[in-house]
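Let's take a walk through this structure together, beginning with a single side chain and working outwards. Keep the 3D view open as you read.

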Amino acid sequence: MKDLPEIRKEINEIDEQIIRLFKERMDCAKEVGEHKLKNGIPVLNVERENEILDKVAEKGGEYGSYARLLYSNIMELSRALQHNIVGADEALAEVIAGADETLPKDGVKVAYQGIKGANGHEATLRLFPNGDSVSYKTFEDVFAAVDRGEVAFGVLPVENSTAGSVSAVYDLILKHRFYIVGALDLKIDYCLCGLKQSEISDIERVWTHPQSISQCENYIAKHNFEPTPCANTAVAARDVASEKRLNVAAICSYKACEEYGLKILDNHIQDNDANTTRFIVISKKLYIPQNADKISLCFSLPHVSGSLYSVLCRFNSLGFNLTKIESRPIASSGFEYLFYLDFAGNVHSSDAVGLICQLSTEMPGFSFLGNYNEI
């Protein structure tokens with residue numbers, strides 16, 4: 001029986017052979033790319049790739065599934081190399097290169113969902129302190145206002161550190177495919193507030209947004225409050241003030257409590273002290289600052305086994321760090337999904353823009369959603 005040093009020596013010798021053969025295979029892939037460029041042949045050939053993978057799995061014997069995975073990655077990298085030769089979605093590359101660098105912030109109209117005192121209003125003021133904030137009733141209304149040109153931008157919540165993704169907004173992002181041109185991480189600090197005459201011992205019901213119910217779940221359970229969902233936290237505060245019920249309180253921001261003349265009954269009631277909501281800025285026009293550090297994409301997947309893994313492999317091979325991946329069902333598609341993806345990067349990098357344009361060529365339903373800063 002071989003000892004460990006002997007086995008490792010043998011592995012090192014095999015690895016040398018694998019590296020040499022890998023380089024030779026990539027040289028062949030380069031020649032294939034040059035042939036495809038000359039003859040106008042598409043880079044992706046799903047039928048041939050599946051045929052190769054099936055043969056590899058069969059020849060791999062007891063390691064067939066591992067061999068298939070290995071070759072799937074090799075072909076993904078070969079295809080990326082061929083795209084660099086053939087070129088990929090030059091029109092998208094031109095759109096990205098032609099984007100304005102400076103996001104206008106003074107005197108622009110900006111839509112948010114809710115009313116004064118809502119977290120969306122606070123995020124809008126932070127992002128556009130000299131802008132004209134315009135309230136809309138629903139998330140869909142914000143998208144519609146941007147679409148009609150009533151406002152230049154829309155500010156929307158997409159994710160909370162405690163309650164997770166705001167699925168309704170992701171659905172609208174994937175429906176409208178507007179650009180994301182900015183983002184803000186807003187620390188969320190909630191208070192419990194009621195009428196001036198109320199005490200915390202009087203409270204039986206709390207009104208707030210469903211996300212806020214999730215963010216304060218332990219607090220609500222501890223006090224045996226009955227939660228009632230509202231359009232947003234500021235609407236909850238406004239309605240508590242107008243209905244004048246001593247046994248009802250709102251979970252809302254301190255600004256909303258002040259805005260609607262309520263009394264603070266308890267402070268900092270969120271379950272997580274680091275509770276934070278991520279807001280994005282949407283626009284029909286693309287803006288990309290020179291120092292942008294986050295890229296957003298969406299796409300569906302071709303009908304190829306392991307296609308999501310293969311796509312993620314390409315990000316890994318280029319050293320890009322994925323920060324978010326969200327899947328949403330495609331209506332009337334029979335369990336097919338659209339994927340929303342964020343990764344750290346800047347399109348002024350040739351690797352980043354090259355990968356984006358390659359995926360645009362290969363991925364069904366692909367959209368480049370933006371490259372922006374998150375503050």
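Arg 314 is buried in this predicted model, because its relative accessible area is 1% and the cut-off for burial is under 20%. The residue is found in helix H12, which covers residues 307-317. What is Arg 314 in contact with, leaving aside its neighbours within four places in sequence? The list holds Glu 76, Arg 79, Ala 80 and His 83, together with Leu 355, Gln 358, Leu 359 and Glu 362.

A second arginine makes a good companion to look at. Arg 177 counts as partly exposed, at 25% relative accessibility. Its place is the loop between H7 and strand S5 (179-187), and just after H7 this residue takes a positive phi of about 60°. Not counting residues up to four places away in sequence, Arg 177 touches Leu 172, Cys 298, Leu 338, Gly 365, Phe 366, Ser 367 and Leu 369. For a sense of distance, try Ile 269: it is 92 residues from Arg 177 along the chain, and the two C-alpha atoms are separated by 36 Å.

Helix H7 itself spans residues 167-176, and its buried residues include Val 169, Tyr 170, Leu 172, Ile 173, Leu 174 and His 176. Leu 172 is thus buried and is also among the residues that Arg 177 touches.

Next comes helix H6, residues 139-148. Which of its residues are buried? They are Phe 139, Val 142, Phe 143, Ala 144, Ala 145 and Val 146. These buried residues pack against S1, strand S2 (132-136), S3, H7 and S11. Just after H6, Gly 149 takes a positive phi of about 85°.

Strand S3, one of the elements that the buried residues of H6 pack against, runs over residues 153-160 and is mostly covered, with seven of its eight residues buried. Strand S1 (residues 109-113) pairs with S3 in the parallel sense over three bridges, and there Ala 111 stands opposite Gly 154. With strand S11 (residues 276-283), S3 pairs in the antiparallel sense over six bridges; the bridge partner of Glu 159 in S11 is Arg 278. The pairing of S3 with strand S4 (residues 164-165) is antiparallel too, over two bridges, and Asn 160 has Gly 164 as its bridge partner in S4. S3 and S4 form a hairpin, with three residues between them.

Now turn to strand S12. Is this strand enclosed or open? All six of the six residues in S12 (residues 294-299) are buried, so the strand is largely enclosed by the rest of the structure. Both of its faces are covered: Lys 294, Ser 296 and Cys 298 are buried on one side, and Ile 295, Leu 297 and Phe 299 on the other. Cys 298 also appears among the residues that Arg 177 touches.

S12 pairs with strand S14 (residues 337-344) in the antiparallel sense over six bridges, with Lys 294 opposite Ala 344. Strand S15 (residues 367-372) pairs with S12 in the antiparallel sense over five bridges, and Leu 297 stands opposite Phe 368 there.

Here are the strand pairings side by side.

| Strand pair | Sense | Number of bridges |
|---|---|---|
| S1 and S3 | parallel | three bridges |
| S3 and S11 | antiparallel | six bridges |
| S3 and S4 | antiparallel | two bridges |
| S12 and S14 | antiparallel | six bridges |
| S12 and S15 | antiparallel | five bridges |

Finally, step back to the whole chain. The protein chain has 13 helices and 15 strands. Its radius of gyration is 26 Å, well over the 21 Å that the globule rule gives for 375 residues, so the chain is more spread out than a compact globule. Along the principal axes, the C-alpha atoms fill a box of roughly 80 × 55 × 40 Å.

Of the 375 residues, 47% count as buried. Among contacts with a separation of 6 or more, residues 24 or more positions apart account for 76%. The chain exposes about 19,000 Å², and carbon and sulfur atoms supply 52% of that area. As for charge, the chain has 38 positive and 52 negative charges, whose mean positions are 2 Å apart.

Key
Residues are numbered from 1 along each chain as its sequence is written. This is a predicted model: local features need pLDDT of at least 70, side-chain atom pairs count only at pLDDT 80 or more; totals for chains, interfaces and linings use all residues. Side-chain values use heavy atoms; hydrogens and water are left out. Helices (H or I, at least four residues) and strands (E, at least two) are DSSP runs, numbered from the N terminus. The radius of gyration is taken over C-alpha atoms; the globule rule is 2.2 Å times the number of residues to the power 0.38. Buried means under 20% relative accessible area, exposed over 50%, partly exposed in between (1.4 Å probe, protein chains only). Contact means heavy atoms within 4.5 Å. Accessible areas come from the Shrake-Rupley method with a 1.4 Å probe; for residues, only the protein chains shown count as cover. Lys and Arg count as positive and Asp and Glu as negative; His and the chain ends are not counted. The place of a charge is taken as NZ of Lys, CZ of Arg, CG of Asp or CD of Glu. Two strands pair if DSSP finds at least two bridges between them.
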